[in-house]
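Me: I have a structure open and would like to learn how to read it. Could we go through it feature by feature?

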Amino acid sequence: MCGIVGIVGQTPVAPLIVDALKRLEYRGYDSAGVATIENGELARRRAEGKLVNLERRLKNEPLDGMIGIGHTRWATHGVPNETNAHPHFSNGVAIVHNGIIENFAELRQELKGDGYEFTSQTDTEVVAHLIARELARGVKPVEAAHVALKRLNGAFALAIMFASDDNLIVGARNGPPLAIGHGEGEMFLGSDAIALAPFTNSVTYLEDGDWAVVRRDEFQVYDIDGKPVERQRRQSVGSSYLVDKGNHRHFMEKEIHEQPEVISHTLAHYLDFTQGTSKPLDLPFNFADIDRLAFSACGTAYLAGLVGKYWFERHARLPVDIDVASEFRYREMPISKKSAAFFVSQSGETADTLASLRYCRKEGVPIGAIVNVRESTIARESDVTLPTLAGPEIGVASTKAFTCQLSVLAALTIRAASQRGTITADEEQALVRSLSETPRYAAQVLKLDKQIEKVARDLSHYKHVLYLGRDTSFPLAMEGALKLKEISYIHAEGYAAGELKHGPIALIDENMPVIVIAPHDRIFEKTVSNMQEVAARGGKIILITDRKGAAQATVDTMETIILPDVPEFIAPIIYALPIQMLAYFTAVFMGTDVDQPRNLAKSVTVE
Ligand code: G6P
């Protein structure tokens, strides 16, 4: 999940590459590096840790050169130190790589046998040596790259530069994304269009197996056999977005606060609030002809899908099979021909989610993508894209993308229920009306920040936290636990409240607070029983509920956070906010790196 950049430019490129890398830092931030060509020689600066370290190094030791490549790393093979940082060099070849070369061990042996010395522990270095070996055999640079590419198994996006030619970068893609940006007398390569946004919004995406020869005034894409292929040039929408924190301390805080607005945009895309109906969607099937849905996703997007399962089954009477994509892709699930598959992904690039999509593609069922990045691979490989209109999400822990995913799934549920005749026109209106109130309620929840901050201060003193919920609050309990562990590093688990007595109850004592997510719904009393079981064992409860729930909870709590009374259908969207805020404030008290927590990356393009 590293980020890569390449520029064949007309001015010194190192500062531009760093600027582009800043926009890719969400993909990894273990180390970073830049290489350029100065007077026919490769030159590079690399630094362990965040990009600021590389910037500092470049300030002291600037790089000239009007062609260059850059990299920000999320370590897979080899610890995150300077030696393992990209670009990697071999005899006039420089290379940056995102992905994993699966046959690197075998190639390494072979190259060592030929006298090549390895200076890093990475899988990437083999690619540099493979190409250098071809050059040494007298093969010209472009062909040398092509020969090497044919030897690689695994997932890669690559940018390759040659000391002997300061007007050439070879890009290649097999798995992780790679975009080529078109400028005036200059060309760019990047892991996504946002990275290239300051330079151009005219972009060509490479497809799997493609490789490209990129020069200042020309560019050609080839397939793996070396046959020239045409790829569409598109206008990227990513470029219109400004990526900055505004007045907020962290991107995560900003993104939490954007939710009323982005939820509103997203819902308005799918619902006609005046008519009280769901808008027609350009789906390649009618929900009335479908008897099953398959959902797959990873992380927070998976938990959004899990809420969607409850909604689809309850309102549209449509069974949903859902699994995390890393399991889905390998478990050889039989897929009924009368089903449709939906993939949920903020980035639209998650490797496991993409592999699950391709599995369903082979099974021949229609495919929909619920994605935030409309030009992403998952979007492009789907029959229909259902965008979340969250805008760029930079904080690694997903917040606004989650509630926008829920918004799309809620609207889609209404569409399905209406087509299947499982709700009446009046019920459809009521559901649409309840969704129309979501932004207002979300804004009210944001005003609870002082109380939630106070709870977070207490929470930051504990080592373990348990989250409980039933029905749609069960995925939220898991999301709450995920958010907290991701950014505060406090160990947290999310459980279905009814499962408490089948294990986690053994852990309950005064050192493990229990956060109960329980709007006053039809099974509220069941959750109250679970809270009593916790209280009876000296457990400390933080209850997130509404006024009625608070009045009827009948247990002593450490704190009760009272949300507005909201219709049951939209509760998962509204209850997502306090759990995000709780995790956020806790992490701030713990002093962790909220936007770039350790070991994580926002876009996971390796399995
Ligand atoms: C990573 C991110 C999560 C995200 C998950 C799935 O783990 O840190 O925030 O939920 O990937 O990513 P996607 O882009 O497919 O939604």
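What follows is a dialogue on the ligand site, the two sheets and two backbone details.

Me: Before we start, what kind of model is this?

Reply: This is a predicted model.

Me: Which residues come nearest to the ligand?

Reply: A residue counts as near if one of its heavy atoms lies within 4 Å of the molecule. Here 14 residues surround the ligand, and Thr300, Ser345, Gln346, Ser347 and Thr350 come nearest. By type, the shell holds 5 nonpolar, 7 polar and 2 charged residues.

Me: Which helix gives the most to that shell?

Reply: Helix α9, residues 299-315, gives the most, with 3 residues.

Me: How do I pick out polar contacts to the ligand?

Reply: Look for a pair of N or O atoms within 3.5 Å. The side chain of Ser345 has an N or O atom 2.5 Å from an oxygen atom of the ligand. For Ser347, the corresponding distance from a side-chain N or O atom to a ligand oxygen is 2.6 Å. Thr350 places a polar side-chain atom 2.5 Å from an oxygen atom of the ligand.

Me: How much of the ligand does the protein bury?

Reply: The ligand taken alone exposes 380 Å², and the protein buries 91% of that.

Me: Now the sheets. In what order do the strands of the 5-stranded sheet run?

Reply: To read a sheet, follow the pairing from one strand to the next. This open sheet has the order β19-β18-β20-β21-β22, and the pairing is parallel. The edges are β19 (320-324) and β22 (384-387); each has a single partner strand, so one side of each is left without a neighbour in the sheet. On average, neighbouring strands of this sheet are turned by 20° against each other, direction ignored.

Me: Where does α9 pack on this sheet?

Reply: Helix α9 touches β18 (292-297), β19 and β20, and its direction makes about 170° with that of β19.

Me: Which residue stands opposite Ser345?

Reply: Val371 in β21 stands opposite Ser345. The strands concerned, β20 (residues 339-345) and β21 (residues 367-371), pair in the parallel sense over 5 bridges. Ser345 is also one of the residues that come nearest to the ligand.

Me: And the sheet of 7 strands: is its pairing parallel or antiparallel?

Reply: The pairing is antiparallel, in an open sheet with the order β5-β6-β7-β8-β12-β13-β14. At its edges stand β5 (88-90) and β14 (228-229), each with a single partner strand, so one side of each is without a neighbour in the sheet. Within the sheet, 4 bridges join β12 (residues 211-214) to β13 (residues 219-222). Val213 stands opposite Gln220 in β13.

Me: Which helix lies across β5, β6 and β7?

Reply: Helix α4 (residues 125-136) does, running at about 135° to β6 (93-101).

Me: Last, the backbone. Where is there a cis peptide bond?

Reply: Check omega along the chain. The bond joining His86 and Pro87 is cis, with omega about -5°. Pro87 lies in the loop between β4 (67-73) and β5.

Me: Which residue other than glycine has a positive phi?

Reply: Arg317 has a phi near 50°. Arg317 is in the loop between α9 and β19.

Key:
Residues numbered from 1 in each chain as written. Predicted model: local features only at pLDDT ≥ 70, side-chain atom pairs only at ≥ 80, totals over all residues. Heavy atoms only, no water. Polar contact = N/O pair within 3.5 Å; in protein donor to acceptor, adjacent residues only side chain to side chain. Areas by Shrake-Rupley, 256 points an atom, 1.4 Å probe, with all protein chains shown as cover. Helix = DSSP H or I, 4+ residues; strand = E, 2+ residues; numbered from the N terminus. Nonpolar A, V, L, I, M, F, W, Y, C, P; charged D, E, K, R; others polar. Pairing = 2+ DSSP bridges. Contact = heavy atoms within 4.5 Å. Axes fitted to C-alpha atoms, helices over the stretch in contact; angles between N-to-C directions.
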